[in-house]
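Subject: Handing over a structure

Hello,

I am passing a structure on to you, and I hope you enjoy looking through it. Please open it first and then read my notes below.

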Amino acid sequence: MMKILLLAAGLLTPFSGQDTVQQAVSPHTAGHVVRAVQTIPAKNAVPADFHTLNGISLDDTRMDVLKKLGKPLQVKKDRLLLSTEYQYPDVVVGMRDDMVSYVHVDPAAGRIKVNDEWLPLKRQTLDQALGGSQFTAEDGEVYVRGQRAIKVFMDESSDKPKYVEFFDETEW
């Protein structure tokens, strides 16, 4: 009898942590109980991957960028980086071979959008939202997820962001 009570208590107790258990029974499952476990990310969770910066992915083509952002204010060749820059009011998209190579955001924008979350351009807020930098370079903080990185270039005198770049580390 005690084993049955413990078993019943175990089945009725929800999982700990961030998982939630939902029980659903449909007429088609007559006599069977179906359980589904769904992981719900915690609010303000640190992103596991960097997919986009200000809506632009490193997997986007030139046509994708034009569809998302429209006609650029200016198109400029960068001979040093061997890229073509598409300049928009709040973002510069660097292209190589019609693929996005990097995304550059000026601090005048006041914020950046990492994946689907807007973040103010403040060092402490970025550290918290992005889980702390993986390393500190001479000129800024670098946040790495797999091969993709977001680098926040800092002004040494004021400790304020100068600009932010999103890029694939293997390309540089």
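Here is what I found in it.

A word on the source: this is a predicted model, in which local features need pLDDT of at least 70 and side-chain atom pairs count only at pLDDT 80 or more, while totals for chains, interfaces and linings use all residues. Residues are numbered from 1 along each chain as its sequence is written, and side-chain values use heavy atoms, with hydrogens and water left out.

The protein has 3 helices and 14 strands; these are DSSP runs numbered from the N terminus, helices being H or I with at least four residues and strands E with at least two. Of its 172 residues, 34% are buried, where buried means under 20% relative accessible area with a 1.4 Å probe, counting protein chains only.

The main thing to look for is an open sheet of 8 strands, in the order 5-6-7-8-14-13-12-11 and with antiparallel pairing. Strands 5 and 11 (135-137) are the edges, each pairing on one side only. From one strand to the next, the twist averages 25°. Two strands count as paired if DSSP finds at least two bridges between them.

At one edge, strand 5 (residues 74-78) pairs with strand 6 (residues 83-87) over 5 antiparallel bridges. Glutamine 74 has glutamine 87 as its bridge partner. This hairpin has 4 residues between its strands, and leucine 82 takes a positive phi near 55° there.

Strand 13 (residues 148-154) deserves a closer look: 7 of its 7 residues are buried. In a regular strand, side chains alternate between the two faces of the sheet. Here Arg148, Ile150, Val152 and Met154 point one way, and Ala149, Lys151 and Phe153 the other.

On one side, strand 13 has 6 antiparallel bridges with strand 12 (residues 140-145); valine 142 is partnered with lysine 151, and valine 144 with alanine 149. The turn of this hairpin includes glycine 146, with a positive phi of about 65°. Strand 13 also pairs with strand 14 (residues 161-168) over 7 antiparallel bridges, with isoleucine 150 opposite phenylalanine 166. Between these two strands lie 6 residues, and aspartate 159 in the turn has a positive phi of about 60°.

Finally, helix 3 (residues 123-130) lies across strands 12 and 13, at about 15° to strand 12. Such angles run from 0 to 180 degrees between N-to-C directions, with axes fitted to C-alpha atoms, for helices over the stretch in contact (heavy atoms within 4.5 Å).

Best wishes

Methods. Buried < 20%, exposed > 50% of the residue type's maximum accessible area, 1.4 Å probe, protein only.
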